[in-house]
Every structure is written in structure tokens, then in C-alpha cells.
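Colleague: I have a model open and would like to know how its labels are justified. Can we go through them one at a time?

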Amino acid sequence: MAQQQAIIVLVDIANALRERTLRGNVYLFDNMRFLGSTGEGTGDLVTAIPGSYWSDGSQGSEQVLNWLPSSLGSIPPTVPRGYHTERSQAIDRQALEDLTALAGQGTVPGADPAAGLADIRSRVGTRARRARGGRAPVGGKLLDITGNAVTGAGTAAVNPPAPIITDVTGEAVDEKIMYPAQYGSPDMVSDGWYWSATVDTARPGTYAYTMHIQLHELVIRDGEQVWEPVDLTCDSAIRVTTEPKYNAFTGAGLGPLPVPAAPSP
């Protein structure tokens with residue numbers, strides 16, 4: 001079985017949209033630092049890919065990369081996938097309850113129905129639609145990082161849709177060192193879709209590649225709030241070495257893990 005490597009692509013969406021570049025606004029991490037990856041936590045990550053044999057001399061297999069995009073300062077991707085929808089429904093239910101209570105105050109001396117209605121309207125929030133060609137989630141309210149609805153002037157606090165990888169290209173792909181593809185799974189980070197690649201471990205060298213990443217910017221179109229897609233690119237690299245692969249648990253090649261003997265009854 002091929003070894004799996006994860007590469008986290010953490011994007012500062014606010015700065016990236018403001019500067020219209022991912023350069024200086026993306027932070028890359030992988031789980032291969034102990035085997036020689038460099039540039040961890042920066043935009044200059046070079047991911048170490050061990051060679052085509054195991055430490056016992058037996059033939060190894062290809063390596064598999066998995067990219068996991070996420071956004072800095074947003075609702076964590078580990079919350080349940082239905083969180084956004086459930087929060088939107090909960091806010092609407094609360095607004096209906098508040099309206100019912102407000103209607104019951106109609107005959108109360110000193111009550112100000114107009115002020116109460118304005119207060120409810122400020123907490124119920126607004127929605128944004130997806131632009132043509134964009135991949136932002138459809139529907140749902142605009143929420144901030146705490147899960148509360150955002151209205152009007154508070155749009156600067158809006159939690160943006162997570163970044164989406166739309167393609168992987170570049171030298172490593174052109175040289176047929178890396179074979180990337182998009183897959184579907186219950187993965188929570190990218191709403192069921194993620195990019196993965198199989199890497200040829202028999203051709204040592206350093207190879208660059210480019211991730212194509214789509215962000216979404218909240219804009220006004222024809223009086224509506226719209227998540228407008230913004231396509232940017234991020235460069236990175238892999239370094240295929242002649243170092244042997246080995247199982248990080250056992251320090252050897254493939255085989256069963258050293259499970260301790262069961263205690264005597």
C-alpha cells in the first residue's frame with residue numbers, strides 16, 4: 001500500500017483578496033518534516049518524497065499526496081458539515097419566536113413595535129448567492145466566525161467560503177512525476193471533494209508544481225450579495241530522494257506493527 005502524505009494549504013483569504021495574490025498569503029504544512037521537508041509554515045514548502053525501496057532493500061511503492069485547503073481565521077473545517085445550514089435555521093426560528101413575542105406586546109403601554117422589529121431585522125441576517133461559474137456553497141446566511149448572522153455594514157466580519165483547489169499543474173505533472181486527480185469522499189474540509197496525486201518515487205530530483213485555488217469575494221451585483229469567484233495560483237515543490245522509505249512506527253519496511261503480547265489470563 002502506498003504511503004499517504006498530507007499537505008495543508010492554509011490561506012489568509014482577506015489579505016489574498018486584497019492583494020490579489022497568494023504569494024505571502026498562504027502557509028503550507030506537511031507531515032514529512034522528520035524526513036527532510038523544508039519551508040514548513042511558509043509559502044516555500046518543499047515536500048520530501050522518499051525513494052522507491054524500503055529500508056530492508058525490498059521494492060517500495062509510489063507515494064500519495066493529499067492536499068487539504070483551509071482558511072485562516074474562519075470557522076474551523078472540523079465542525080459538522082451541516083453547521084452552516086443548522087445555524088441559519090436556528091436564527092430563523094429565533095426570529096419567528098421574537099416576532100410572535102413582539103406581536104403580543106402590541107397593546108402594552110410604552111411598547112415600541114418599530115424598534116423591536118428593527119432589532120429582529122438586525123439579527124436575522126442576509127444571504128448571498130453563488131455567482132455563475134463559482135463553487136461557493138449555495139444558500140445559507142452570511143455568518144461570522146462565531147456562527148452569528150452578519151447584516152449590512154458588518155460584512156467585513158463575514159466568514160468566507162473555504163478555498164477550493166481546482167487544478168494541479170506544472171513541472172511535476174508535465175514530467176509525469178506526479179499524477180493528480182480530484183476525488184470525492186466524506187471529507188469535511190472540502191465538502192466531499194479533495195485533490196490527491198500519485199508520485200513516481202523512482203526518479204530523484206526536485207520538481208515544482210502549481211496549485212490553482214479559487215477564493216470567493218462578497219460583492220454586490222444588481223442589488224444582491226454575491227460570492228464572486230477569484231482564481232489565483234500557488235507554487236510549491238516536491239523533492240524525490242534516494243532515501244529509503246520506512247514505517248515510522250517500526251523503522252523498517254512493510255509488515256505488522258509490533259503489537260505487545262496479550263497478558264496471561
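Modeller: Start with a definition: the expected span of a helix is 1.5 Å times one less than its number of residues. Keep in mind that this model is predicted.

Colleague: What makes the span of helix α2 close to the expected one?

Modeller: Helix α2, residues 83-103, has 21 residues. From its first C-alpha to its last it reaches 30 Å, and the expected value is 30 Å.

Colleague: Which residues of α2 are called buried, and what is the cut-off?

Modeller: Buried means under 20% relative accessible area. In α2 that label goes to Ser 88, Ile 91, Ala 95, Asp 98 and Leu 102.

Colleague: Why are they said to be on the same side of α2?

Modeller: The buried residues cover an arc of only 90° around the axis, so they lie on the same side of α2. In general, an α-helix has 3.6 residues a turn, so residues three or four places apart point the same way. The buried residues of α2 pack against α3 (113-124). Glu 86, Leu 96 and Thr 100, on the other side of α2, are exposed.

Colleague: What is the order of the strands in the open sheet?

Modeller: The five strands run β2-β1-β4-β8-β7, with mixed pairing.

Colleague: Why do β2 and β7 stand at the edges?

Modeller: β2 (26-30) and β7 (178-184) each have a single partner strand, so one side of each has no neighbour in the sheet.

Colleague: How many bridges join β1 to β4?

Modeller: Two strands pair if there are at least two bridges between them. β1 (residues 3-11) and β4 (residues 63-71) are joined by nine and run parallel, so they count as paired.

Terms used:
Residues numbered from 1 in each chain as written. Predicted model: local features only at pLDDT ≥ 70, side-chain atom pairs only at ≥ 80, totals over all residues. Heavy atoms only, no water. Helix = DSSP H or I, 4+ residues; strand = E, 2+ residues; numbered from the N terminus. Buried < 20%, exposed > 50% of the residue type's maximum accessible area, 1.4 Å probe, protein only. Arc of directions from axis to C-beta. Contact = heavy atoms within 4.5 Å.
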